[in-house]
Each structure stands twice: as C-alpha cells, then as structure tokens.
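Grab a pencil and work through these exercises with the model open beside you. Each task comes with a solution that goes step by step.

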Amino acid sequence: MRWGLVGASTIASEWLIDAIRANEGEIVGVQSSDSKHGASYAEKHQIPFSTTNLNELLDLKPDAIYISSVNDKHRAQLEAAAIRGIHVLCEKPLATSLEDAKAMIQICAENNVQFATNHHLRWAATHQAIRGVLDRGEIGTLRSARVFHAKFLPEHLQGWRINNPAAGGGVVLDITVHNCDILAYLLGEYPEEVVSMTDHKLFGDLVEDEAMSVWRYPSGLLAYTHESFATPHAGDGLEIHGSEGSIIAESVMTQQPVGRVYIQRDGEREELATEPHNLYQAGVADFVSAVKEGRSPACDGVAGTRSLAVALAVLESASSGRKVKVDYAGV
Ligand code: NDP
C-alpha cells in the first residue's frame, strides 16, 4: 500500500513509519506546515517527497494517509483525503469536538473510504490475553475496574499538550481517550455516565495535567481512572475485578510491547502467558487488511468518536462539578 504522512510528528518518527514499512507499506511523501522541518524529517526517514501543501501530497495518489498532526487539524486533513477516495488512519483524539468527529465518520462513509483510529493499546498481547480471560468468563461476573495511567510528560512532548488548549492539549484528551478505548475493547461496553475532577500540578494553568474519574457502565460495572502528566514514579496498570477472580495487569498502559498479566484469587497469583509483539505494527496490519477486504477496521471512526465523547464528558464533569451523561448521539 502507498501511504502519505500528514504531520511530521514524533509518534510517526518513533513508531508509525516503521510500522507502515513493516507492513510492506511505501511512504511516498510527508506534509508538514513547516517546510524546513518537513524537508529534514523526509531526509531523516528516507521519504522521497515533502510539502507544506496537503493537496500536493494527495496528488501523489496514496492509497492511504496517516494523520498525526495536532488534533484540531485532523478533520480538515481527513476531509481533503476522503473526498479523493483515500483511506485514513487517524491519531487520537480524532478531533477536539464531537461535531468534528461525527463529520469525519460521515464523509468517510459517503466516499466509501476506511477510517481507523490509532488506539494502540487494544493491539497489545497483554490486553488480548485479558480479553481472552474475560470472553471465557474465567473471573465470573465483572464488578469493577481500575486504570492507572499516570506518567510524566517527557520534555520533548511538552509543547502543544500543555500550552495549546485549542489544539486539544491536556491530559484528558491525550490519555483518557486511550483508557476508554481499552476498557471498551475488554468489557465490550462504554460508560454511560462519568464524574471527575482535574487539576494543574506542574505545567501551568492552560490545561489540566491530572485527572481522576469514575465511570458507570450499562452493566452496572464501575471503573475509576487516573491520568497524569505529572507523576514520574508510579508505573502504570489496569485491574478488572470479578466475582471469581481479579485480573491484575502491570505496565500494560504503554507503547512498548511489555507488561505482565495475572489472575488473582484468594491472594494467589497465576501469570498469563503472552507473546509480545509491536502494537503499532498490529494496528497498521488490521487497517491494511480492512482496506484490502473492504471492511471496517477493528478500531474505526465510531470507536474513536466514542472515546472522545467520554473524554469530553470527563472534562465537562470536572468543570461543572456534576455527574455527566456521555453523549453518544449519532454514533
Ligand atoms: P508532535 O508535537 O511531535 O507533532 C505534532 C505536530 O507538531 C507535527 O505534526 C508538526 O506539525 C509539529 N512539529 C513537531 N515537531 C516539530 C518541529 N521540530 N518543528 C516544527 N513543527 C514540528 O506530536 P505527537 O507526535 O506527540 O502527537 C501527534 C498526534 O499523535 C496527536 O494527535 C497525538 O494525540 C497523537 N499521539 C498518539 C499516540 C498513540 O499512541 N496513539 C502517541 C503519541 C501521540 P505539522 O503537522 O505541521 O508537520
């Protein structure tokens, strides 16, 4: 498949360029708003073409684009590709408003192009092993879950995430969306209401860098989540508690193919066997086969819009001080 990169970003540099090439993808060009940055990025990654003009990239007729620009640019970039029949793998959060995300779903449907959201965690061997345990009913009736995804934002990422609210900065749009998606993948449901608090611990007052929230699911399960840019030493993990056992997963909220998963009963732990693989390569592989087979990707635009809806509800709850129903209207 021939790909165009929209956004000369860190995530593409660190993970997606390799993931695309590992899936026999050819990267034909990159678009960046900064011509110098785009040119040096192209040279560094052996990409034959760079431009500041998205239409020039699309004129190369790639089969797909990967959008990893800042979040408020995603909609217009996706629309430009979709109307030319070009498939789209888009970074999370899909957009900064539900209106934009829903319009993105619609234009892809109208133009018969596949639209995937890059929620990478569901491609981890650890989470896939947890899903197997849950699908087999091995821990009984599910009652509660806990996600602790509190990290320190590395210096090279301390740009728009902390100083640009309009670009979708803040820890909730950055990380809460991932927590929502991984719980949806594991539990098979989305929360119907949330209550939350956010704070500014380290990175100024423009956006929140700390969030905690409680989510109620249609089955009655309660989950609580902790996201942070300001927690250097915590480690990360996920737990799901059922009537017949608990799943304890350590170091699984990460980009790396690492982490350990246990089933715990009566204080005894049994470790699940997992075969680690590159999360981003697996996500791209699904997108490529979805395009070839003419089916929806496993993590499609609807999934990305639903995770955005939960993150926006978390922000609304924090600012209003009230419990908020998640708005899934139209998705
Ligand atoms: P970056 O800040 O690295 O890149 C975002 C944009 O910033 C780039 O597209 C580029 O703009 C501009 N930029 C970056 N570096 C430079 C530079 N040296 N000079 C000039 N401009 C520069 O962001 P991330 O890669 O961290 O995030 C990009 C997207 O990917 C976001 O939507 C984010 O939420 C998502 N993401 C997803 C992850 C996942 O695991 N699924 C992990 C990390 C991020 P231009 O578009 O003009 O080239």
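**Exercise 1: The second largest pocket**

Sorted by class, the lining of the second largest pocket comes to 6 nonpolar, 4 polar and 1 charged residues. Keep in mind that this is a predicted model.

Task: Work out which residues line the second largest pocket, and which helix gives the most to that lining.

Solution.
- Step 1. Start with the space itself: the second largest pocket has a volume of about 160 Å³.
- Step 2. List the lining. You should find Ile-105, Cys-108, Ala-109, Asn-112, Val-113, Gln-114, Phe-115, Ser-296, Asp-300, Gly-301 and Val-302.
- Step 3. Match the list to the helices. Helix H5 (98-110) and helix H10 (301-320) each bring at least two residues to this lining.
- Step 4. Pick the top contributor: H5 gives the most, with 3 residues.

**Exercise 2: The largest pocket**

Task: Describe the largest pocket by finding how much space lies in it, how many residues line it and which element supplies the largest share of its lining.

Solution.
- Step 1. Go for the volume: about 1,100 Å³ of space lies in the largest pocket.
- Step 2. Look at the walls. The largest pocket has 43 lining residues, and those nearest its centre are Thr-10, Ile-11, Leu-157, Trp-160 and Arg-161.
- Step 3. Check the helices. At least two lining residues come from each of H1, H7 and H8, and H1 has the largest share with 4 residues.
- Step 4. Sort the lining by class: there are 13 nonpolar, 22 polar and 8 charged residues.

**Exercise 3: The ligand**

Task: Find where the ligand sits, then describe the residues that surround it.

Solution.
- Step 1. Place the ligand: it sits in the largest pocket.
- Step 2. See which elements reach it. Helix H1 (10-22), helix H7 (160-163) and helix H8 (171-187) are the elements that give two or more residues to the shell around the ligand.
- Step 3. Count the shell. The ligand has 26 residues around it, the closest being Thr-10, Ser-32, Ser-33, Asn-71 and Tyr-280.
- Step 4. Split that shell by class, and you get 6 nonpolar, 14 polar and 6 charged residues.
- Step 5. Now zoom in on Ser-33, where an N or O atom of the side chain is 2.5 Å from an oxygen atom of the ligand.
- Step 6. Move on to Glu-91. An N or O atom in the Glu-91 side chain is 3.0 Å from a nitrogen atom of the ligand.
- Step 7. With Lys-92, turn to the backbone: one of its N or O atoms lies 2.8 Å from an oxygen atom of the ligand.
- Step 8. Finish with the surface. On its own the ligand exposes 890 Å², and the protein buries 81% of that.

**Exercise 4: The cavity**

Task: Find how many cavities of 30 Å³ or more there are, and say which residues line the largest cavity.

Solution.
- Step 1. Count: you get 1 cavity of 30 Å³ or more.
- Step 2. Size it up. The largest cavity holds about 60 Å³ of space.
- Step 3. Name the lining: Leu-89, Ala-116, Thr-117, Asn-118, Trp-123, Gly-283, Asp-286, Phe-287, Pro-297, Ala-298 and Cys-299.
- Step 4. Find the elements. Strand S6 (115-117) and helix H9 (279-293) each supply at least two of these residues, with H9 giving the most, 3 residues.
- Step 5. Sort by class once again: the cavity lining has 7 nonpolar, 3 polar and 1 charged.

Note on methods
Residues are numbered from 1 along each chain as its sequence is written. This is a predicted model: local features need pLDDT of at least 70, side-chain atom pairs count only at pLDDT 80 or more; totals for chains, interfaces and linings use all residues. Side-chain values use heavy atoms; hydrogens and water are left out. A residue is near a molecule or strand if one of its heavy atoms lies within 4 Å of it. A polar contact is a pair of N or O atoms within 3.5 Å; within protein, one must be able to donate a hydrogen and the other to accept it, and residues adjacent in sequence count only if both atoms are side-chain atoms. Accessible areas come from the Shrake-Rupley method with a 1.4 Å probe; for residues, only the protein chains shown count as cover. On a 1 Å grid over the protein atoms alone, a cavity is a set of points where a 1.4 Å probe fits but cannot get out, and a pocket is an open set with protein on both sides within 12 Å along at least five of seven lines; lining residues have an atom within 4 Å of a point. A molecule sits in a cavity or pocket if more than half of its atoms lie within 2 Å of its grid points. Ala, Val, Leu, Ile, Met, Phe, Trp, Tyr, Cys and Pro count as nonpolar, Asp, Glu, Lys and Arg as charged, and the others, Gly among them, as polar. Grid points are joined across faces, edges and corners, and a volume is the space filled by probe spheres set on the points.
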